[in-house]
Amino acid sequence: MVTRARVMISGQTFEVEVLRRHYEQPSAVRLLMVCYHPTPIAAEVTRVGIESILRYTPTPFELWVVDNASLSRYSEWLRSLEAVNVVFNRTPPVPPRRQGWRARLGLRAPRADQQMGAGSYANAIGLELGVWAIDPSSHYLCVMHNDVLVLRENWLSYLQAKLSQHVRAAAMLRDRHSGRIGALHVSGLLFDFALFRQLGMSFMPDLPRLDVGDKISAMLRTAGYGEFVCQNTYNNPELVDWIAKDNPLHRLHTDRAFDDDRRVIFAHLGRGTPKSAGHYRQPGKTYPEQWIAFAREHVLA
């Protein structure tokens, strides 16, 4: 089913096309990924992430991908994925203050590439569009970036098993930036979706204290709920020693999250879109070419 709509978020109107092909009961987890493809290799980062989810998620789920105003030649391939629901956002997600006076008056639309300088805002808009699109009666929502790989079939069931009447959110990573609240990171965050509107949650950032999605943690804590975070190499880099040195995962300079048996169940490249666009380059990091090669050889072969 294809629908077109105009969606108002944070005072702006976004033109969207929704392509829905896969339906599950409300009890099935909704997986939500936001992507932006400024280059072909950015699209390949998204592609291997999606393929890993489809390969390693045996429990019922709906996968929603929000394409945030990518060039059509880098995003139309999403239409071929029959098991994936897609929201094509046709309006570049750029904050009004960055658009210039002509765009604010409706005389010129902001360019899609302007969102590279407003990553938190753009990601939040994509997540809010996903929330708008999915069934509001869904029980659970798991959000993630596009530069992820799920590595074992228990990745989602492991997070689900950590939820309880008290613990209403479980994540692969925790934000570690100083000056913020140490929120559950939105790349691999599962939470009770029934609380989203009940507690007035939002993915919109309020920088510098609250990054995209940090309000989820803030609202849960205010309401007295608990949270769970996997052991991972982002928050504890020394845990790389849990991975055998002859394992290719040991050599990836990325975030890796473990289950209770110290098996890596999830990996996050980090800065995937800026890296793909050539806007981020630091020695000793893993870059999209290596990431995609690892995925093809060791995850999806």
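Buried here means under 20% relative accessible area, exposed means over 50%, and partly exposed is anything in between. By that yardstick Arg-79 is partly exposed, because its relative accessible area is 26%. Keep in mind that this is a predicted model.

## The sheet

Let's start with the strands. Nine of them, or 9 strands in the order 1-2-5-4-3-6-9-8-10, form an open sheet, and the pairing is mixed. At the edges sit strand 1 (2-9) and strand 10 (226-229), each of which pairs on one side only. On average, neighbouring strands in this sheet are turned by 20° against each other, direction ignored.

How do strand 1 and strand 2 run, and how many bridges join them? The two run antiparallel, with 8 bridges between strand 1 and strand 2 (residues 12-19). One of the pairings puts Val-2 opposite Leu-19, its bridge partner in strand 2.

## Asn-68, a polar side chain in strand 4

Asn-68 belongs to strand 4 (residues 61-68). Is this residue buried or exposed? Asn-68 is buried, because its relative accessibility is 2%. Its side chain has a backbone group to talk to: a polar atom of that side chain lies 2.8 Å from the backbone oxygen of Ala-122.

Ala-122 turns up again among the residues that Asn-68 contacts, once neighbours within four places in sequence are left aside. The list also has Val-34, Cys-35 and Tyr-36, then Asn-89, Pro-93 and Gln-115, and finally Asn-123 and Gly-126.

## Cysteines

Cys-35, one of those contacts of Asn-68, leads on to the cysteines. A disulfide is a covalent bond between the sulfur atoms of two cysteines. How many disulfides does the structure hold? The count is 0. Cys-35 is in no disulfide, and the nearest cysteine sulfur, which belongs to Cys-142, is 16 Å away. For Cys-142, also in no disulfide, the nearest cysteine sulfur is that of Cys-230, at 10 Å. Neither separation fits the rule, because a disulfide calls for two cysteine sulfur atoms within 2.5 Å.

As for accessibility, Cys-35 counts as buried because its value is 2%. Cys-142 is buried too, its relative accessible area being 0%.

## Salt bridges

The count comes to 18 salt bridges. One of them ties the side chain of Glu-76 to that of Arg-79, at 2.7 Å from N to O. Glu-76 is partly exposed, because its relative accessibility is 33%, and Arg-79 is partly exposed as well, at 26%.

Arg-263 deals with two acids. With Asp-259 it forms a salt bridge whose closest N and O atoms are 2.8 Å apart, and with Asp-261 the closest N and O atoms are 3.6 Å apart. What sets the surroundings of these residues apart is accessibility: Asp-259 is buried at 5%, whereas Asp-261 counts as exposed because its value is 56%. Arg-263 itself counts as partly exposed, at 33%. Elsewhere, salt bridges that share partners join Arg-4, Glu-17, Glu-76, Arg-79 and Arg-90 into one network.

## Two loop residues

Which loop holds Ser-202? The one between helix 6 (194-198) and helix 7 (214-222). Even in a loop, Ser-202 counts as buried, because 16% relative accessibility falls under the 20% cut-off. Its side chain makes a polar contact with the side chain of Glu-128 (3.3 Å), and a polar atom of that Ser-202 side chain also lies 3.0 Å from the backbone nitrogen of Met-204. Not counting residues up to four places away in sequence, Ser-202 touches Glu-128, Phe-196, Lys-215 and Ile-216. Ala-28, by contrast, is 174 residues apart from Ser-202 in sequence and 22 Å apart in space, C-alpha to C-alpha.

Thr-233 sits in the loop between strand 10 and helix 8 (248-251). It counts as buried because its relative accessibility is 7%. What does the side chain of Thr-233 reach? The backbone oxygen of Thr-254, at 3.4 Å. Thr-254 is also one of the residues Thr-233 touches, not counting those up to four places away in sequence. The others are Leu-239, Val-240, Asp-255, Arg-256 and Phe-258.

Note on methods: Residues numbered from 1 in each chain as written. Predicted model: local features only at pLDDT ≥ 70, side-chain atom pairs only at ≥ 80, totals over all residues. Heavy atoms only, no water. Helix = DSSP H or I, 4+ residues; strand = E, 2+ residues; numbered from the N terminus. Buried < 20%, exposed > 50% of the residue type's maximum accessible area, 1.4 Å probe, protein only. Contact = heavy atoms within 4.5 Å. Polar contact = N/O pair within 3.5 Å; in protein donor to acceptor, adjacent residues only side chain to side chain. Pairing = 2+ DSSP bridges. Axes fitted to C-alpha atoms, helices over the stretch in contact; angles between N-to-C directions. Salt bridge = Lys/Arg side-chain N within 4 Å of Asp/Glu carboxyl O.
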